[in-house]
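Thanks for making room on the agenda. I would like to walk through one model, going from a loop to the sheet, then to the cores and the charged pairs.

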Amino acid sequence: MVKWFTGSGREIDFAEIVEHAKSHAALKGKVYLGTDSFLNKDGCTFSTALVLHGAESQRGGRYFVTRTNVKKRKYDALVTRITEETNRSVQLGLRLTQLCPELKIEIHLDISAPDKKEGTSLFSDMLVGFAKGAGFEAKIKPDAFAAASIADKHSK
């Protein structure tokens, strides 16, 4: 079972997160999902952030995060790891859409634009297409704060 935590580190049930998201959506707020990963000697840590931001009269935002440690080194290749990051965010988005069809969800990808000549640039079009093909808006760096800032902070 996946454990979720608030931004302050308190464990929280996913059902409670869904209730927060429903209330957030009722106030015209958006949900941002992003995943980042970190390779270490034992394997790979994936961190996924679910961010609630932009509701009427909301100051700041609120986020929840989960971490998964994968012991196998099957994520050594960048394309495999970055595709799994995208997949984790998309799968969470699909689950949330089933539970709360009214949510406006944006997927944030920790990848660079195709013209940036960074390691992830080569996969940008493919991964944005993956998220959009699943029915979500998709943002990349520098506009992908859920992945590049929040999930990144919790993947290390």
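Let me begin with Ser57, which is exposed at 78% relative accessibility, where exposed stands for over 50% relative accessible area, buried for under 20%, and partly exposed for what lies in between, with a 1.4 Å probe and protein chains only. Ser57 sits in the loop between β4 and β5, and its C-alpha is 8.5 Å from that of Leu27, although the two are 30 residues apart in sequence. Helices and strands here are DSSP runs numbered from the N terminus, a helix being H or I over at least four residues and a strand being E over at least two.

Before going further, I should say that this is a predicted model, in which local features need pLDDT of at least 70 and side-chain atom pairs count only at pLDDT 80 or more, while totals for chains, interfaces and linings use all residues. Residues are numbered from 1 along each chain as its sequence is written, and side-chain values use heavy atoms, with hydrogens and water left out.

Now the sheet. It is open, has 7 strands in the order β2-β1-β5-β4-β3-β6-β7, and its pairing is mixed; two strands pair if DSSP finds at least two bridges between them. The edges are held by β2 (11–12) and β7 (137–140), each of which has a single partner strand, so one side of each is left without a neighbour in the sheet. At the β7 edge, β6 (residues 105–109) runs parallel to β7 and pairs with it over 4 bridges. Within that pairing, Ile107 stands opposite Ala138, and the bridge partner of His108 is Lys139.

Which residues of β7 point to the buried face? They are Ala138 and Ile140, whereas Glu137 and Lys139 point to the other face and are not buried. That fits a general pattern, since in a regular strand the side chains alternate between the two faces of the sheet.

Two helices on this sheet deserve a comment. Helix α4 (residues 145–155) lies across β3 (30–40), β4 (43–53), β5 (61–70) and β6, and runs at about 45° to β3; the axes are lines fitted to C-alpha atoms, for helices over the stretch in contact, and the angles run from 0 to 180 degrees between N-to-C directions. Returning to the edge, β6 and β7 pair in the parallel sense, and helix α3 (residues 124–133) packs there, touching both strands, with its direction at about 150° to that of β7. Contact is taken as heavy atoms within 4.5 Å.

That brings me to the interior. The largest nonpolar core has 30 residues, of which Leu50 and Leu96 touch the most other members; such a core is a set of buried Ala, Val, Leu, Ile, Met, Phe, Trp, Tyr and Cys residues joined through side-chain atoms within 4.5 Å. At least two residues come from each of α1 (14–26), β3, β4, α2 (78–99), β6, α3 and β7, and α1 gives the most, with 5 residues. Leaving aside residues up to four places away in sequence, Leu96 touches Phe14, Val18, Val31, Leu33, Leu50, Leu103 and Ile105. A second, separate core has 7 residues, among them Ala49, Tyr63, Ile150 and Ala151.

As for the cysteines, Cys44 is buried at 2% relative accessible area and Cys100 is buried at 0%. A search of the whole structure finds 0 disulfides, the criterion being a pair of cysteine sulfur atoms within 2.5 Å.

Finally, the charges. The whole structure has 7 salt bridges, each being a side-chain nitrogen of Lys or Arg within 4 Å of a carboxyl oxygen of Asp or Glu. One of them joins Lys30 and Glu106 at 3.0 Å, N to O; Lys30 lies in β3 and Glu106 in β6, so the pair ties together parts that are 76 residues apart in sequence. Lys30 is buried at 18%, and Glu106 is buried at 6%. These two are also linked with Glu137 in a network of salt bridges.

Within helix α1, Glu19 and Lys22 meet at 3.8 Å, N to O, and, being 3 residues apart, they are separated by about one helical turn. Both are partly exposed, Glu19 at 45% and Lys22 at 31%. In helix α2, Glu84 and Arg88 are 4 residues apart, about one turn, and their salt bridge spans 3.0 Å, N to O. Here Glu84 is buried at 17%, while Arg88 is partly exposed at 21%.
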